[in-house]
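Visitor: I'm new to this one and would like to learn how to read it. Could you walk me through it, one feature at a time?

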Amino acid sequence: MEEYGKILIIAMPVFLVLIVIEKLYGIYKKNDTAPLIDSVSSISSGITNSVKDVLGLSITFLSYEWMVSKIAFFHQEATVLSYVIAFFVIDFYGYWSHRLAHQINFFWNKHAIHHSSEEFNLACALRQPIASLVNLFTFLLIPAALLGVPASVIAITLPLHLFLQFWYHTKHIKKMGFVEKILVTPSHHRVHHAINPEYLDKNHSQIFIFWDKLFGTFQEELDHVPPVFGITRPANTWNPIKINFQHLTLLIKDAWRAESWKDKLIIWFKPTGWRPENFEEKYPVNKIENVFDFEKYGTQNSQKLIYWSVAQILITLLFVSYLFENIAKIGLPNIFVYGFFIFITIYSSSELMDKSRFAIVWEGFRLSLATAVILFYGDWFGLNTVFSLSNYIILGYLSVSFLITIYFVTVDFKTNQNQTINSQTA
């Protein structure tokens with residue numbers, strides 16, 4: 001946990017700077033592909049995923065270390081060769097786990113969050129799952145285990161492989177010539193994120209595009225078919241925690257309502273989107289039929305709400321940075337209390353972005369939780385040893401945040417709603 005936290009301390013500001021550069025470049029080119037509130041939601045999702053990973057909130061039934069000890073033909077040291085082998089095997093593992101997540105109903109739940117943005121930009125790369133609480137695909141690393149690649153090499157290469165998938169989430173880089181034949185490029189990945197019928201479930205590769213060409217899932221970006229992004233059953237929320245479990249909720253409801261036991265069982269393993277016969281008529285869900293004719297979510301927010309949301313996510317990143325930098329000092333079980341606070345923070349701020357009146361309740365709960373922590377421990381997880389006024393600053397900030405939330409719910413939302421109605425009737 002501590003080692004991964006240190007890696008994220010370095011990675012987070014790099015990602016944030018690149019997101020800002022893309023935003024400024026889009027404004028300069030008069031082609032802004034990164035609406036602020038969408039980017040805030042994406043960064044919120046990245047925070048929840050990274051906190052989940054740092055806290056170790058996942059189970060691996062079949063560990064790579066165990067496989068190496070049982071099936072390796074020989075054992076390697078951590079050499080350049082072992083890292084190269086690990087990278088190729090992880091990319092093979094990534095292709096198949098990614099493809100299965102798209103093609104099997106149950107596995108789609110953990111991946112839908114990544115596709116939930118109706119934009120395509122660097123920030124949406126951060127939309128990573130918290131619903132992946134169980135790792136079922138470790139067996140795909142068997143080739144590396146047979147060759148005796150050390151577990152330490154896999155542990156280092158996995159996050160590196162993930163971080164290298166960040167750069168190609170952009171609309172500003174067009175086709176890249178010869179590179180298109182070897183690596184996954186922005187053009188390839190725009191196809192993957194698109195909901196156009198021509199593009200659905202294509203280009204699952206993560207670094208090397210030849211896996212798609214080898215296994216028959218490659219699709220080139222077509223000049224006459226501009227990609228439209230999102231998911232065919234739109235999330236209609238900025239709340240990453242809700243998005244993580246939307247598909248699972250629908251599966252549970254459909255399994256419960258299914259009349260035959262066969263349908264109750266096979267719904268989990270059927271192709272993504274499958275529902276029992278006549279369920280689309282009996283229990284309809286919102287689904288995009290024409291990808292060129294639907295309204296994107298959350299386009300009617302006030303500038304005040306957008307700027308406040310940006311401020312909130314930047315402050316939340318400070319809280320997260322302190323957690324990642326001080327995992328050992330905070331210690332067990334306190335890091336789980338801290339992690340819970342971060343999740344409540346994200347839930348509260350994204351409820352406000354969704355214009356939910358319950359944002360007041362969640363923000364009040366967040367203030368109460370922080371107050372209880374400071375009263376119980378005497379300070380904010382040891383922060384007083386660094387800065388003596390930290391208690392007052394944290395409680396002061398959370399109190400102001402609570403009051404601002406009340407203002408948005410009771411004043412700004414109603415004003416904005418009236419302005420929208422007036423503009424529609426004018």
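**Domains, salt bridges and two side chains**

Guide: Happy to. Let's begin with spacing: taken over C-alpha atoms, the centres of domain 1 and domain 2 are 30 Å apart. Keep in mind that this is a predicted model.

Visitor: Where do the domains begin and end?

Guide: The domain assignment gives domain 1 as 1-215, domain 2 as 250-282 and domain 3 as 303-425.

Visitor: How many residues of domain 1 and domain 2 are in contact?

Guide: Seven residues of domain 1 are in contact with nine residues of domain 2. Together the two domains bury about 560 Å² between them, and carbon and sulfur atoms give 51% of that area.

Visitor: Which three residues supply 77% of the area that domain 1 buries against domain 2?

Guide: Look for Ile-104, Asn-105 and Phe-106; they supply more of that area than any other three residues.

Visitor: What sort of contacts should I look for across that interface?

Guide: Try the polar ones: eight residue pairs are in polar contact across the interface of domain 1 and domain 2. On the domain 1 side, helix 4 (80-103) and helix 5 (105-115) each supply at least two of the residues that touch domain 2. By type, the residues on that side are four nonpolar, three polar and no charged. As for salt bridges between these two domains, the count is zero.

Visitor: Then how do I read a salt bridge elsewhere?

Guide: Here's the general idea: side chains of opposite charge can pair when their charged atoms come close. In this model, a search of the whole structure finds 15 salt bridges. Take Lys-242 and Glu-351, whose side chains meet in one with 2.8 Å from N to O. Lys-242 sits in helix 10 (residues 240-257) and Glu-351 in helix 15 (residues 334-353), so this pair ties together parts 109 residues apart in sequence.

Visitor: Is each partner of that pair buried or exposed?

Guide: Go by relative accessible area, where under 20% is buried and over 50% is exposed. Lys-242 comes out at 34%, which is partly exposed. Glu-351 has 3%, so Glu-351 is buried.

Visitor: Which residues does Asp-254 pair with?

Guide: One partner is Arg-257, with 2.9 Å from N to O. Those two both lie in helix 10, three residues apart, or about one turn of the helix. Another partner is Arg-275, whose closest N and O atoms with Asp-254 are 2.7 Å apart. That second pair links distant parts of the chain, 21 residues apart: Arg-275 is in the loop between helix 11 (261-266) and helix 12 (279-282), while Asp-254 is in helix 10.

Visitor: How accessible are these three?

Guide: Asp-254 is buried, at 1% relative accessibility. Arg-275 also counts as buried, at 8%, whereas Arg-257 is partly exposed at 27%.

Visitor: Which residues do salt bridges with shared partners join into one network?

Guide: The network holds Arg-233, Asp-254, Arg-257, Arg-275 and Glu-280.

Visitor: Now I'd like to read a single side chain. Where is Gln-165?

Guide: Find the loop between helix 7 (151-163) and helix 8 (186-193); Gln-165 is there. A loop residue can be checked for burial in the usual way, and Gln-165 is buried, with a relative accessible area of 13%. A polar atom of its side chain lies 3.2 Å from the backbone oxygen of His-161. Leaving out residues up to four places away in sequence, Gln-165 touches Gln-206 and Ile-207.

Visitor: And where is His-193?

Guide: His-193 is in helix 8, and at 3% relative accessibility it counts as buried.

Visitor: Which residues does His-193 touch?

Guide: Beyond residues up to four places away in sequence, the list is His-114, His-115, Phe-120, Cys-124, His-169, Val-228, Phe-229 and Gly-230. With one of them, His-114, the side chain of His-193 makes a polar contact of 3.2 Å. Another to find is His-169: 24 residues along the chain separate His-169 from His-193, and their C-alpha atoms are 9.2 Å apart.

Notes:
Residues numbered from 1 in each chain as written. Predicted model: local features only at pLDDT ≥ 70, side-chain atom pairs only at ≥ 80, totals over all residues. Heavy atoms only, no water. Domains from an automatic or database assignment. Contact = heavy atoms within 4.5 Å. Buried area = accessible area lost by both parts, 1.4 Å probe. Salt bridge = Lys/Arg side-chain N within 4 Å of Asp/Glu carboxyl O. Polar contact = N/O pair within 3.5 Å; in protein donor to acceptor, adjacent residues only side chain to side chain. Helix = DSSP H or I, 4+ residues; strand = E, 2+ residues; numbered from the N terminus. Nonpolar A, V, L, I, M, F, W, Y, C, P; charged D, E, K, R; others polar. Buried < 20%, exposed > 50% of the residue type's maximum accessible area, 1.4 Å probe, protein only.
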